[in-house]
Amino acid sequence: MSKKGKVKITHPERCKGCEICVMYCPTDVLVVKKGQITITDIDNCVGCYNCELSCPDFVLEVVENNER
Amino acid sequence: MGYKIDEYLRQDKLPHIWCPGCGHGTIMGNLIRGIDKANLDPDKTVVVSGIGCSGRASGYMNFDTLHTTHGRAIAFATGIKLANPKLNVIVITGDGDGAAIGGNHLIHGARRNIDLTVVLMNNHIYGMTSGQFSPMTPTGDNATTTPYGNIDQNFDLAGLTKASGASFIARGTAYNTRQLIEIFAEGLLHTGFSFIEAISQCPVNYGRRNGLSSAVDMLKCQRDSSVNIRKWDSLSEEEKKGKFPTGVLYKEDKREYTEMYQEIIDSVQEEAK
Amino acid sequence: MRDRIKLLQGDEAVVEGAIAAGAKFFAGYPITPASEIAEGLAERLPIYGGKFIQMEDELASMACVIGASLSGLKSITATSGPGFSLKQENLGLGMMIEIPCVVVNVQRVGPSTGLPTSPSQGDVMQAKWGTHGDHPVIALAPSSVKETFELTITAFNFAERFRTPVILLLDEIVGHMREKVVLPNEEDIEIWNRKKPEVGPEDFNPYQETDGLVPPMPNYGEGYRYHTTGLFHDKTGFPRGTNEDAKNLMDRLMAKIESNMDIISLYEEDIRDDDEIIVLAYGSTMRSAINAISQARKAGIKAGWIKLKTIWPFPADYIKEVGKRAKAIIIPELNRGQIIKEVRENIFGNAEVHGINKYDGTLIKPEEILNMIQEVK
């Protein structure tokens with residue numbers, strides 16, 4: 001599993017602000033502001049897929065960096 | 001690691017209706033990842049759901065999908081599967097839909113060991129109708145119809161389906177997504193009645209009334225009370241208190257219903273020649 | 001030819017008719033007086049590559065039959081009153097999502113356990129109003145073993161042609177009596193099959209009717225990957241929860257039946273120009289009615305009969321016409337009066353409407369009908 005991938009918020013309009021992804025992220029890349037998920041520092045993202053696998057609303061996914 | 005999921009979701013139907021923090025979206029997503037991992041032919045895959053929060057899952061999944069009546073999804077799925085055994089037939093039900101009104105069909109589907117993959121999203125409450133207790137609401141808990149605390153006991157769904165004849169039984173949680181994907185893939189590929197209990201969280205109608213107001217708290221609770229089956233048997237009775245085993249709990253290769261019926265057809269037609 | 005002549009029980013005629021119609025799936029549950037249908041199909045279906053399953057109860061059987069039809073098989077279930085009551089909710093789903101299948105009800109005396117081995121026509125209104133909400137319904141009623149064979153095939157043809165469950169109302173007499181029947185040759189039997197989509201999955205909407213009111217129906221597993229639900233839905237099959245969708249769908253579901261009365265509404269009549277007393281009946285009581293009319297005519301009485309083979313939809317226009325020229329209409333029924341309500345609703349002239357009602361499990365004899373004819377003349 002290449003570590004190069006980074007989280008990308010592909011469907012922000014679907015976010016319901018439940019903060020599940022925030023809990024799962026091992027490097028605090030994600031934070032909910034005014035009910036909407038946002039990325040703090042993308043460089044901290046280690047591409048572990050925790051957020052993609054746990055998000056109940058298909059808001060974000062890990063994208064290989066060449067597709068960024 | 002990334003699974004192809006977009007083509008299996010009906011994108012135009014999202015965002016879905018489940019409440020913020022509900023575990024059903026996570027479970028449905030990882031069921032789709034399990035379908036992808038099991039490499040099922042999407043044109044030959046049918047998803048049958050009942051009524052309740054879990055019942056809405058079929059509408060979001062890009063397969064032949066059927067949203068049936070409350071509690072009866074397994075009976076509909078039995079007809080779909082027996083009529084065309086080449087189909088991968090998945091049933092999505094809930095703890096109310098599957099273990100209350102649908103309990104009789106659950107145990108008979110298991111008894112037949114017909115090749116269905118039954119995913120029971122257990123959020124311990126009737127969520128769609130806003131919070132009545134279900135057969136899986138913990139004893140003592142609050143719900144709109146147990147204002148004085150729930151006096152009912154719960155089913156052990158794994159034990160119930162095992163005693164009924166299911167040949168693949170597993171339990172996962174919305175918390176442990178990777179384990180869920182493995183369980184779904186294995187269950188989907190198993191020939192016979194695969195029963196998969198997926199513990200889900202309902203912060204709005206269950207958690208709020210039972211001291212767990214956020215999805216995060218409920219997921220942590222799932223994390224702390226689940227023990228992998230490989231470790232489970234080494235725990236003492238005391239250590240097991242308040243906890244449950246997860247993973248593939250039981251698996252057996254056993255004659256499958258539609259295969260046995262096809263043998264009847266083959267032999268009868270042979271004789272008729 | 002010899003093998004086409006059979007001594008058949010009514011229930012067995014359902015089995016023969018189902019096989020002849022191309023049925024390949026039965027799901028059911030034991031119940032007197034319909035079990036012979038399950039037993040016959042359990043034995044015969046595998047010979048034709050078909051499938052039989054005995055489910056855990058009648059409502060599971062109804063669900064199972066709908067599932068099998070969605071997979072593409074012509075499907076049938078059979079029961080009696082108690083099971084027919086259990087099937088109602090799933091029957092309603094079958095009507096809502098337009099699934100071809102046949103539901104046989106071999107009526108026995110109800111309500112409740114009633115008289116399990118005695119005939120009745122007490123479920124006629126249930127066949128129309130048993131499940132909740134307005135909805136279309138087709139219900140046919142044979143009055144002989146031969147007609148049972150024919151109407152079983154007609155039931156499948158209507159189900160496939162109009163994409164709807166079709167109810168076949170027998171009673172214990174028709175179901176259990178035996179008669180000589182000459183089965184037609186296979187090639188002489190008209191068989192309908194559901195319309196298949198002519199477009200590919202990308203252009204396909206499961207509930208968009210193409211020509212006429214009946215949408216084409218693919219099988220599960222053919223790549224259409226479509227959705228269907230018991231919720232009111234639009235042409236895409238998805239629920240939007242709009243009032244407009246609910247009205248449009250209900251109007252189309254009803255129009256499917258009401259605009260095809262000429263095909264669906266089956267009846268026979270023997271009414272001479274000057275006949276003024278009409279006996280209207282259906283099912284096994286028809287046999288006594290025909291006998292009574294022949295006796296009446298021998299006695300010089302101007303009387304004729306009408307045999308309803310389609311109970312629902314009720315032939316209101318036809319009965320209105322009959323009502324204009326009849327002096328009296330006599331309706332023998334093995335219940336406390338059900339179809340008579342429909343007749344009364346459509347009589348505006350001076351025709352008297354009389355019921356002969358038995359609900360104790362015994363039959364209405366020709367003499368009893370003849371006495372009523374003599375009374376009203």
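Colleague: Is strand E8 of chain C, residues 165–171, largely enclosed or open, and how many of its residues are buried?

Modeller: In this predicted model, strand E8 of chain C is largely enclosed by the rest of the structure, because its residues are buried. Pro165(C), Ile167(C), Leu169(C) and Asp171(C) point one way, while Val166(C), Leu168(C) and Leu170(C) point the other way, and all are buried. In a regular strand, side chains alternate between the two faces of the sheet. The count of buried residues in E8(C) is seven of the seven.

Colleague: Which strands pair with E8(C), and in which sense?

Modeller: Strand E5 of chain C, residues 101–109, is joined to E8(C) over seven bridges in the parallel sense. Within this pairing, Val106(C) has Leu170(C) as its bridge partner. Strand E7 of chain C, residues 138–140, is joined to E8(C) by three bridges, and Leu140(C) stands opposite Leu168(C). The strands asked for are therefore E5(C) and E7(C), and the sense is parallel.

Colleague: Is Arg252(C) buried or exposed?

Modeller: Arg252(C) lies in helix H9 of chain C, residues 243–258. A residue counts as buried when its relative accessible area is under 20%. The value for Arg252(C) is 9%, so this residue counts as buried.

Colleague: With which side chain does the side chain of Arg252(C) make a polar contact?

Modeller: Leaving aside neighbours within four places in sequence, Arg252(C) is in contact with Glu98(C), Tyr207(C), Glu209(C), Leu213(C) and Pro215(C). From Leu213(C), the backbone oxygen lies 2.9 Å from a polar atom of the Arg252(C) side chain. The side-chain partner, at 2.6 Å, is Glu98(C).

Colleague: Which backbone oxygen does the side chain of Thr137(B) reach?

Modeller: Thr137(B) is found in the loop between strand E4 (117–122) and helix H6 (157–164) of chain B. At 0% relative accessibility, Thr137(B) counts as buried. Not counting residues up to four places away in sequence, Thr137(B) touches His124(B), Ile125(B), Asn150(B), Asn154(B) and Tyr206(B). The backbone oxygen reached by its side chain, at 2.6 Å, belongs to His124(B).

Colleague: In what pattern do the helices and strands of chain A follow along the sequence?

Modeller: Chain A has two helices and four strands. Of its 68 residues, 46% are buried. Among contacts in chain A with a separation of 6 or more, 57% join residues 24 or more positions apart. Read along the sequence, the pattern is β-α-β-β-α-β.

Colleague: What area is buried between chain B and chain A?

Modeller: The size of an interface is often given as the accessible area lost when the parts come together. Here the contact takes 33 residues from chain B and 20 residues from chain A. Carbon and sulfur atoms give 61% of the buried area, and the area itself is about 2000 Å².

Colleague: How many residue pairs are in polar contact between chain B and chain A, and which helix supplies the largest share of the side of chain B that touches chain A?

Modeller: The rule finds zero salt bridges across this interface, whereas the count of residue pairs in polar contact, both at pLDDT 80 or more, is 11. Helix H1 (24–37), helix H7 (177–189) and helix H8 (215–225) of chain B each supply at least two residues of the side that touches chain A. By class, that side has 18 nonpolar, 11 polar and four charged residues. The answers are thus 11 residue pairs and, with six residues, H1(B).

Notes
Residues numbered from 1 in each chain as written. Chains lettered and ligands numbered in written order. Predicted model: local features only at pLDDT ≥ 70, side-chain atom pairs only at ≥ 80, totals over all residues. Heavy atoms only, no water. Contact = heavy atoms within 4.5 Å. Buried area = accessible area lost by both parts, 1.4 Å probe. Salt bridge = Lys/Arg side-chain N within 4 Å of Asp/Glu carboxyl O. Polar contact = N/O pair within 3.5 Å; in protein donor to acceptor, adjacent residues only side chain to side chain. Nonpolar A, V, L, I, M, F, W, Y, C, P; charged D, E, K, R; others polar. Buried < 20%, exposed > 50% of the residue type's maximum accessible area, 1.4 Å probe, protein only. Pairing = 2+ DSSP bridges.
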